Amino acid sequence: MKKGSIKNNRINGEVLRELSSIIRDEVKDPRIDPLLTVTRAEVTPDLQFCKCYVSSLGSDEMLEDSIEGLKSAGGFIRRELAHRVNLRKTPELQFVADRSMEYAIEMSKKIEELAKAGGMPKDESEEAEEEL
């Protein structure tokens, strides 16, 4: 199976859906933030490993604690995943912090600050309206 194939994408989607459900409903570790979100799951083509990207609305410390809780519950999560998803092999799970949302929010704030300060050039459509 190739990395970007339709089958691999379907497996990634199914693993993502089930991981979210397992973490939300089954895992009872108090270190895991209730606002934790599994943003992406990437299963290798040989089904050996799965990188699970998680994000949280809390602080960075809460996210790190949540990842530690997920790592300690990794065996349970993997077993539940094996029961729910019919795969030849159940991939070994690796949990990674996904900070892309934080980065996007930070960049949006910086762009807004530049626009308010007048340091950003106007859009061509705005310039055309002013000429009329």
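In what order do the elements of the protein chain run from the N terminus on? In this predicted model, the order is α-β-β-α-α-β-α-α, and the protein chain thus described has five helices and three strands. Buried residues account for 30% of the 132 residues in the chain, while the area that the chain exposes comes to about 9,100 Å², of which carbon and sulfur atoms supply 52%. Among contacts between residues at least 6 apart in sequence, 64% join residues at least 24 apart.

In soluble globular proteins, nonpolar side chains tend to be buried together. The largest nonpolar core of the present model comprises 24 residues, among which V15, I23, V54, L70, I77, L93 and F95 touch the most other members. Two or more residues of this core are given by each of α1 (6–25), β1 (37–43), β2 (49–55), α2 (60–72), α3 (74–84) and β3 (92–97), and the largest share, five residues, comes from α1.

The helix α3 may be considered in further detail. Its buried residues are G74, I77, E80 and L81; these cover an arc of only 130° around the axis and therefore lie on the same side of α3. The face turned away from this buried side carries the exposed residues G75 and H83, whereas the buried residues of α3 pack against α1, α2 and β3. For I77, when residues up to four places away in sequence are not counted, the residues touched are L19, I22, I23, V27, L70, L93 and F95.

Terms used
Residues are numbered from 1 along each chain as its sequence is written. This is a predicted model: local features need pLDDT of at least 70, side-chain atom pairs count only at pLDDT 80 or more; totals for chains, interfaces and linings use all residues. Side-chain values use heavy atoms; hydrogens and water are left out. A nonpolar core is a set of buried Ala, Val, Leu, Ile, Met, Phe, Trp, Tyr and Cys residues joined through side-chain atoms within 4.5 Å. Buried means under 20% relative accessible area, exposed over 50%, partly exposed in between (1.4 Å probe, protein chains only). Helices (H or I, at least four residues) and strands (E, at least two) are DSSP runs, numbered from the N terminus. Contact means heavy atoms within 4.5 Å. Accessible areas come from the Shrake-Rupley method with a 1.4 Å probe; for residues, only the protein chains shown count as cover. The arc is that of the directions from the helix axis to the C-beta atoms.
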